[in-house]
Structure formats: C-alpha cells, structure tokens
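Thanks, everyone, for making the time this morning. I would like to walk through one model with you, going from a single side chain outwards, so please have a look at it first.

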Amino acid sequence: MLPMTCSDGCGQDFVLISHGKEQVLPGVDRVGFSCPHCGKVYTAYYSNRKVEKFHAELAELQQRPAKGGLTRRQVQGIIVRIENTKKKLATEMARLRKEVEESQTSGNS
C-alpha cells in the first residue's frame with residue numbers, strides 16, 4: 001500500500017493498493033493505476049516480453065548474493081551484470097514509451 005495524491009486530476013489523496021495492465025499495442029502492455037475518485041489514469045511504464053525478461057533477470061541476479069558462498073569477485077561481477085541489465089531495461093522501456101506515444105499521436109491525426 002502506497003499513499004498517493006491525484007496530482008494531475010482531482011487532487012485528492014488515496015492509497016494505491018494494486019496496479020493494472022492493459023494491452024495498448026500488439027505485444028505491448030501499459031502498466032499503471034487510476035485515481036479511485038476521478039478515474040485519472042497514470043502510466044507507470046510500458047512492458048513487453050523483453051522488459052519482462054529483464055525484470056526476471058534482475059530479480060534472479062539480486063537474489064544471488066543473498067544465498068551466500070560467493071567470493072568478492074563474483075559479487076562484483078553480479079553487480080556489474082545488474083547495472084548492465086538495468087541500463088538495457090531503461091533503454092527498452094524508453095523505446096516502448098516513445099513507440100506508444102508516437103502511435104497515439106499518429107492515431108489522433
């Protein structure tokens with residue numbers, strides 16, 4: 001549960017309990033939530049198979065050091081892989097956002 005304010009809509013406070021997902025393009029989902037008071041929709045991010053793969057990879061990498069038994073060098077290697085995966089994830093998410101926004105702009109013309 002996360003306290004939120006509908007900053008782009010009615011201005012009321014609410015508690016975010018969950019988020020939803022809807023397909024906006026073939027193979028692309030919008031992940032977000034809406035204000036329970038006015039219905040203003042907020043997009044957290046756009047997702048596709050690549051984004052889901054990077055999320056899963058990050059989750060797996062972040063759990064490895066907690067399991068123990070790794071050398072300092074191995075942990076440093078995992079940290080580098082985490083940072084590289086985060087960069088790839090950010091790049092893909094930015095690309096998807098641009099693709100969706102451009103499709104919405106061209107669809108409104």
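Leaving aside its neighbours within four places in sequence, which residues is isoleucine 78 in contact with? With contact meaning heavy atoms within 4.5 Å, isoleucine 78 touches Leu61, Arg64, Pro65 and Leu70.

Before I go further, a word on what we are looking at. This is a predicted model, in which local features need pLDDT of at least 70 and side-chain atom pairs count only at pLDDT 80 or more, whereas totals for chains, interfaces and linings use all residues. Residues are numbered from 1 along each chain as its sequence is written, and side-chain values use heavy atoms, with hydrogens and water left out.

Isoleucine 78 belongs to the largest nonpolar core, which has 12 residues, including Leu25, Tyr46, Phe54, Leu61 and Leu96. A nonpolar core here is a set of buried Ala, Val, Leu, Ile, Met, Phe, Trp, Tyr and Cys residues joined through side-chain atoms within 4.5 Å, and buried means under 20% relative accessible area, with exposed over 50% and partly exposed in between, using a 1.4 Å probe and protein chains only. Helix 1 and helix 2, the latter running over 72-107, each supply at least two residues of this core, and helix 2 gives the most, with five residues. For the helices and strands I use DSSP runs, numbered from the N terminus, where a helix is H or I with at least four residues and a strand is E with at least two.

There is also a second, separate core of six residues, and Cys6, Phe14, Phe33 and Cys35 are among them. Two cysteines in that list invite an obvious question: how many disulfides are counted? If we call a disulfide a pair of cysteine sulfur atoms within 2.5 Å, the count is zero. Cysteine 6 has its nearest cysteine sulfur, that of cysteine 38, 3.6 Å away, and cysteine 6 counts as buried because its relative accessibility is 0%. For cysteine 35, the nearest cysteine sulfur is that of cysteine 10, at 3.7 Å, and cysteine 35 is likewise buried, with a relative accessible area of 3%.

Let me turn to the strands, where two strands pair if DSSP finds at least two bridges between them. Strand 1 (residues 2-5) and strand 2 (residues 13-16) are antiparallel over four bridges, and leucine 2 is the bridge partner of leucine 16. Along strand 2, Phe14 and Leu16 point to one face and are buried, while Asp13 and Val15 point to the other and are not.

Further along, three strands form an open antiparallel sheet in the order 3-4-5. Strand 3 (20-25) and strand 5 (41-47) each have a single partner strand, so one side of each is left without a neighbour in the sheet. The twist averages 35° from one strand to the next, where axes are lines fitted to C-alpha atoms, for helices over the stretch in contact, and angles run from 0 to 180 degrees between N-to-C directions. Helix 1 (residues 49-67) packs on this sheet, touching strand 3 and strand 5, and its direction makes about 80° with that of strand 5.

Five bridges join strand 3 to strand 4, and six join strand 4 (residues 28-34) to strand 5. Arginine 30, in strand 4, is the bridge partner of glutamate 22, and its side chain reaches the backbone oxygen of tyrosine 42 at 3.2 Å. Arginine 30 is also buried, with a relative accessible area of 12%. In the hairpin of strand 3 and strand 4, which has two residues between the strands, glycine 27 takes a positive phi near 80°.

That glycine is in contact with asparagine 48, as are Glu92, Arg95 and Leu96. Asparagine 48 lies in the loop between strand 5 and helix 1, and counts as buried because its relative accessibility is 11%. Its side chain makes a polar contact with the side chain of glutamate 92 at 2.8 Å; a polar contact is a pair of N or O atoms within 3.5 Å, where within protein one must be able to donate a hydrogen and the other to accept it, and residues adjacent in sequence count only if both atoms are side-chain atoms.

Finally, glutamine 62 in helix 1 is partly exposed, at 45% relative accessibility, and, leaving aside neighbours within four places in sequence, is in contact with Ile82 and Lys86.
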